[in-house]
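Q: I have a structure open and have not looked at it before. Can you walk me through it?

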Amino acid sequence: MAVIGIMSAMHEELAAVLAHMPDEQRVSVAGRDFFVGHWHGHALVAVLSRIGKVAAATTATVLLERFGVDQLVFTGVAGGLGADVRVGDVVVATKCVQHDMDASPLFAPHEVPLYGRAFFDTDLPLSVQLAQASEAVLQHAEQHLGQAAMAEFALKAPQVHQGLVLSGDRFVSTSAESQALRQRFPAAMAVEMEGAAVAQVCFDFGVPFAALRTISDRADDTAHADFNQFIGAVASRYSLAILSGWLGQTRPVKA
Ligand code: SAH
């Protein structure tokens with residue numbers, strides 16, 4: 001059976017997934033705990049991504065090389081950059097780029113040296129499936145989050161977006177920086193700290209990759225507010241419901 005790798009950026013997200021993998025076995029590699037088991041009849045390996053590009057790339061490499069996963073799905077939170085990308089929305093990445101990669105003038109700005117590209121595509125069929133699963137969850141957001149959480153974070157009719165996601169080794173928490181990123185990447189939907197690194201590793205291994213992010217902040221001067229509370233009350237619930245909906249509707253693929 002094909003094996004699905006799930007990388008969660010947040011402890012709470014991973015804990016929610018593990019609660020549905022009753023048979024999981026823990027295998028420790030490179031200081032990381034990988035949980036091997038099943039969910040909805042799929043063979044899975046779930047792991048905490050760790051934060052930042054290098055840490056996430058190492059985790060991804062172990063998932064691909066040691067555990068032989070056939071596709072990799074990343075879940076986490078991100079700062080919204082697109083004008084209509086609000087807290088509580090979900091962004092499914094179509095492309096990823098490292099906004100802090102710059103080997104100019106030797107290479108074009110943002111181009112990853114020796115790859116001949118700055119942008120790494122996510123897998124289209126996988127991303128479409130995750131976007132559909134996200135739509136199904138967000139249409140009934142109140143059912144998944146409860147009225148109190150909806151009110152607390154002022155969530156109204158949350159939306160699913162698909163598009164460019166930026167990654168870099170910085171938590172973007174000033175309006176000046178997010179404005180500068182928007183100017184450099186007018187199509188950017190969101191900014192986070194891992195996706196493009198994992199996309200590059202999956203590109204190297206020729207393994208389909210998809211990334212799903214709940215918007216936790218607007219990458220501006222208020223970006224740290226209630227971050228941890230939001231993850232417990234909103235982001236980890238969304239990730240669980242979206243992954244569960246997706247896996248429940250997808251047949252395990254023969255490897
Ligand atoms: N308190 C957290 C640390 C989060 S670090 C913990 O202890 O786990 C930030 C995480 O949120 C990273 O995974 C990053 O990808 C994502 N993120 C959310 N908003 C972001 C923003 N505005 N800029 C960059 N990364 C952001």
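**Walking through the model**

A: Gly206, just after α7, takes a positive phi of about 65°. Keep in mind that this is a predicted model.

Q: OK, and α7 itself, why is it described as largely enclosed?

A: Helix α7 covers residues 195-205, and 8 of its 11 residues are buried, so the rest of the structure largely encloses it.

Q: Which ones are buried in α7?

A: The buried residues are Gly195, Ala196, Ala197, Val198, Ala199, Gln200, Val201 and Cys202.

Q: Switching to the ligand. Which residues are closest to it?

A: Val172, Glu192, Met193, Glu194 and Asp217 are the closest, out of 19 residues that surround the ligand.

Q: What is the mix of classes in that shell?

A: The shell around the ligand has 11 nonpolar, 5 charged and 3 polar residues.

Q: And which elements supply at least two residues each?

A: Three strands and a helix do: β5 (71-80), β9 (188-192), β10 (209-217) and α8 (227-249).

Q: Which side chain has an N or O atom 2.7 Å from a ligand oxygen?

A: That is Glu194. Arg213 also has a polar side-chain atom by a ligand oxygen, at 3.2 Å.

Q: What about a nitrogen of the ligand, which backbone is it 3.3 Å from?

A: A polar backbone atom of Gly79 is 3.3 Å from a nitrogen atom of the ligand.

Q: How much of the ligand does the protein bury?

A: The protein buries 81% of the 570 Å² that the ligand exposes when taken alone. The ligand takes up the space of the largest pocket.

Q: Back to α8. Is Ser239 there buried or exposed?

A: Ser239, which is found in helix α8, counts as buried because its relative accessibility is 4%, and the cut-off for buried is under 20%.

Q: What does its side chain reach?

A: The side chain of Ser239 reaches the backbone oxygen of Ala235, at 2.9 Å.

Q: Another serine, then. Where is Ser104?

A: Ser104 sits in the loop between β6 (90-98) and β7 (119-121). With a relative accessible area of 35%, Ser104 is partly exposed.

Q: Which side chain does it contact?

A: Its side chain and that of Asp102 are joined by a polar contact of 2.5 Å.

Q: How far is Ser104 from His40 in space?

A: They are 47 Å apart, C-alpha to C-alpha, and 64 residues apart in sequence.

Q: What is the peptide bond from Ser104 to Pro105 like, cis or trans?

A: The bond is cis, with omega near 10°. Pro105 is also found in the loop between β6 and β7.

Q: Back to phi angles. What is the phi of Ala30?

A: Ala30 has a positive phi of about 55°, although it is not a glycine. Ala30 is in the loop between β2 (25-29) and β3 (32-39).

Q: And what about Ala154, what is its phi?

A: Ala154 has a positive phi of about 50°, and it is not a glycine either. The loop that holds Ala154 runs between α5 (147-152) and β8 (160-167).

Q: Why does Ala154 count as exposed and Ala30 as partly exposed?

A: Ala154 has a relative accessible area of 55% and is exposed, because exposed means over 50%. Ala30 has a relative accessible area of 49%, so Ala30 is partly exposed.

Conventions
Residues are numbered from 1 along each chain as its sequence is written. This is a predicted model: local features need pLDDT of at least 70, side-chain atom pairs count only at pLDDT 80 or more; totals for chains, interfaces and linings use all residues. Side-chain values use heavy atoms; hydrogens and water are left out. Buried means under 20% relative accessible area, exposed over 50%, partly exposed in between (1.4 Å probe, protein chains only). Helices (H or I, at least four residues) and strands (E, at least two) are DSSP runs, numbered from the N terminus. A residue is near a molecule or strand if one of its heavy atoms lies within 4 Å of it. A polar contact is a pair of N or O atoms within 3.5 Å; within protein, one must be able to donate a hydrogen and the other to accept it, and residues adjacent in sequence count only if both atoms are side-chain atoms. Accessible areas come from the Shrake-Rupley method with a 1.4 Å probe; for residues, only the protein chains shown count as cover. On a 1 Å grid over the protein atoms alone, a cavity is a set of points where a 1.4 Å probe fits but cannot get out, and a pocket is an open set with protein on both sides within 12 Å along at least five of seven lines; lining residues have an atom within 4 Å of a point. A molecule sits in a cavity or pocket if more than half of its atoms lie within 2 Å of its grid points. Ala, Val, Leu, Ile, Met, Phe, Trp, Tyr, Cys and Pro count as nonpolar, Asp, Glu, Lys and Arg as charged, and the others, Gly among them, as polar.
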